[in-house]
Amino acid sequence: MTLVDSEIESFNKTCQKKEVKEFNDFLNSIRPYLDRLHKSWSEIDKGITTESLKELNCSLNDMIKIVLDFYSNLDKDLYNTLINILNDEKTKKDYQEVSPNNKWRINYTKYEPDGTLCIGLRPQNNLYGLASVCHEFAHLLSRFGQDSTNSKSDLFPEVESMFLEKVFIEYLYNINFITEEERKTYFRFYKSSVNDKLQEIFYENDILNYLNGNSLTNENLKVLEEMIAKSPKAKDFYRRLSFMQNDVHSAWYFIYVLGEVISELLFEEYRKEPQKTVAKFKEYLGHTADIDPQTMLKDLTNKSLEEAIETYLEINKE
Ligand SMILES: [Zn+2]
């Protein structure tokens, strides 16, 4: 692999940003815990593909109806708020009919520059597609009442959506819409997709650690290349290295890793005390200000990051 001078320059510019360095130091401090998560997810990852998921024969309207039934069953306040948002003529709906060709997770919920709340749904015809409708509706609840200038941190709404998605799958199982096996497969698939994001974090972490604060040059690029070539996933490593010319994505990917941990702990609590957990969750939806991940963890689970990962691994052991 060769990089021209301008590529090396932008790579170095990106990697030497203060926030990139700080985040990488943070990753190093919890890397042993992340390694254990990766190991646990890799064990359930084997042989799981989109084809393993339950196929559905639903229109988009059917999916929306199933999801709204879930919210109505879960909590009347949440349901009414959701209906108000969806019926509000200012809410922009960018819907596409269910299709096997719809790509993963290009559903979205966002504020447009003019302040319009916009939801995009284009689910695949399977359980993941159905769950993504529930996920985006949770984002609507989470984003509602805020504007683009006073929005939550990205972690915040992601935890909310990931939690409600888990409760939704449990609900589908309880109403016999899916079997125990289908539920299990779903969660395996889900964790494997989070594991992919963790793998990307590791690539960036390894590259930054190799450089250890130094700039990338054509000389150390050669050494890095030799190191990369030994990796079983050399191609992915190269891909990540070239992406890093434009941006470092670890912090963004980390939202989903931490989101999975926090939402699972919350879900575990929900299984024992559903009403109490939903009440706590609703109260949390009301937060509008940005909040750092450690505080959020303490608020929701009363645990440090290390304790949370430890508990997560314990729950998922079997
Ligand atoms: Zn989301």
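Trainee: In this predicted model, which residue of strand 3 stands opposite K110?

Mentor: C118 stands opposite K110.

Trainee: How do you know that strand 2 and strand 3 pair?

Mentor: Pairing requires at least two bridges between two strands. Strand 2 (residues 108–111) and strand 3 (residues 117–121) are joined by four bridges, so they count as paired. The two strands run antiparallel and form a hairpin with five residues between them. In the turn, G115 has a positive phi of about 95°.

Trainee: Why is helix 3 called oblique to helix 4?

Mentor: Helix 3 (residues 60–74) packs against helix 4 (residues 76–87) at an angle of about 140°, and the axes are 6 Å apart. Roughly antiparallel starts over 145 degrees, and roughly perpendicular covers 65 to 115. An angle of about 140° fits neither class, therefore helix 3 is oblique to helix 4.

Trainee: What makes the contact between these helices, and how do its residues divide?

Mentor: Helix 3 supplies Y71, S72 and L74, while helix 4 supplies L78, Y79 and L82. Five of the contact residues are nonpolar, one is polar and none is charged. Ser is not in the nonpolar or charged list, so S72 counts as the polar one.

Trainee: Which residues have the most contacts inside the largest nonpolar core?

Mentor: L127, C134, F137, F168, V261 and I262 do, in a core of 53 residues. Helix 6 (residues 155–174) gives the most to this core, with eleven residues. Apart from that core lies another, of eleven residues, including F11, C15, I207 and L208.

Trainee: What does I262 touch, leaving out residues up to four places away in sequence?

Mentor: I262 touches V159, L297, L300, T301 and A308.

Key
Residues numbered from 1 in each chain as written. Predicted model: local features only at pLDDT ≥ 70, side-chain atom pairs only at ≥ 80, totals over all residues. Core = buried A, V, L, I, M, F, W, Y, C linked by C-beta atoms within 7 Å. Buried ≥ 20, exposed ≤ 12 C-beta atoms within 10 Å, placed from the backbone. Contact = placed C-beta atoms within 7 Å. Axes fitted to C-alpha atoms, helices over the stretch in contact; angles between N-to-C directions. Parallel < 35°, antiparallel > 145°, perpendicular 65-115°, else oblique.
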